Amino acid sequence: MTRVVEQRGLYFDELDEGVIYAHKPGRTVTETDNVLFTTLTMNTQALHLDAAWSSSQPFGQRLMNSMFTLSTMVGQSVTQLTQGTIIAQLGLTDVSFPHPLFHGDTLYTETVITGKRLSSSRPGQGVVTMEHTGRNQDGTVVALAKRTCLMWTKEAHAAQS
């Protein structure tokens, strides 16, 4: 019999508060990432698209689109934490970008579970609060976000399947 190993995130019951979940590998961001994301989302901000103009601005170069940074930071956590175990993302709060991310930087993300409780209205499900921190290759914090998710318990998900 062939053994099958399926990659998945962690269930509500497997997440521990206060643990730092480091998501590897990092993601080196490129000019192409920035231009595609920026134009796909109809964001015409010159800070993302116009190298000549951006060179005269305080950071002296184009900045990665902050929504790309946020999306990538959350995305880096998926395979380790929520792949196949999340029911819904309930919200994002306290999003900030203390330092810009630039073309060629590498984004590394870690997540801390800051709260979890079983749902009072949805048996077999729980609400988990996470704090994501994104850092560049030098360790400088470039993004922060609190995220709340509705997650399966292992037993309820197995019963539902």
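Let us start in strand E2 (residues 86–96), where Asp94 is found. Helices (H or I, at least four residues) and strands (E, at least two) are DSSP runs, numbered from the N terminus. Asp94 has a positive phi of about 50° although it is not a glycine. The model is predicted, so local features need pLDDT of at least 70 and side-chain atom pairs 80 or more, while totals for chains, interfaces and linings use all residues. Residues are numbered from 1 along each chain as its sequence is written, and side-chain values use heavy atoms, with hydrogens and water left out.

**Backbone features**

Most residues other than glycine have a negative phi, and most peptide bonds are trans. Here are two positive phi values, side by side.

| Residue | Phi |
|---|---|
| Asp94 | about 50° |
| Met42 | about 60° |

Met42 sits in the loop between H1 and helix H2 (46–49). With 72% relative accessibility, Met42 counts as exposed; buried means under 20% relative accessible area, exposed over 50%, and partly exposed in between (1.4 Å probe, protein chains only). Another backbone feature is the cis peptide bond from Lys24 to Pro25, with omega near 0°. Pro25 belongs to strand E1 (residues 20–28).

**Phe68 and the core**

A search of the whole structure finds two aromatic pairs. In one of them, Phe37 and Phe68 meet edge-to-face, at 5.6 Å centre to centre and 75° between the planes. Rings of Phe, Tyr and Trp (its six-membered ring) pair if their centres lie within 6.5 Å; planes under 30 degrees apart count as stacked, over 60 as edge-to-face and the rest as tilted. Because Phe37 lies in helix H1 (residues 31–40) and Phe68 in helix H4 (residues 66–82), the pair ties together parts that are 31 residues apart in sequence.

Phe68 is buried, with a relative accessible area of 9%. The largest nonpolar core has 11 residues in all, among them Phe68, Leu70, Met73 and Val142. Such a core is a set of buried Ala, Val, Leu, Ile, Met, Phe, Trp, Tyr and Cys residues joined through side-chain atoms within 4.5 Å. The largest share of this core, four residues, comes from H4.

**Near the end of E5**

Thr153 is found in the loop between E5 and helix H5 (154–160). Thr153 counts as buried, at 10% relative accessibility. Its C-alpha atom is separated by 9.0 Å from that of Pro123, and the two residues are 30 residues apart along the chain.
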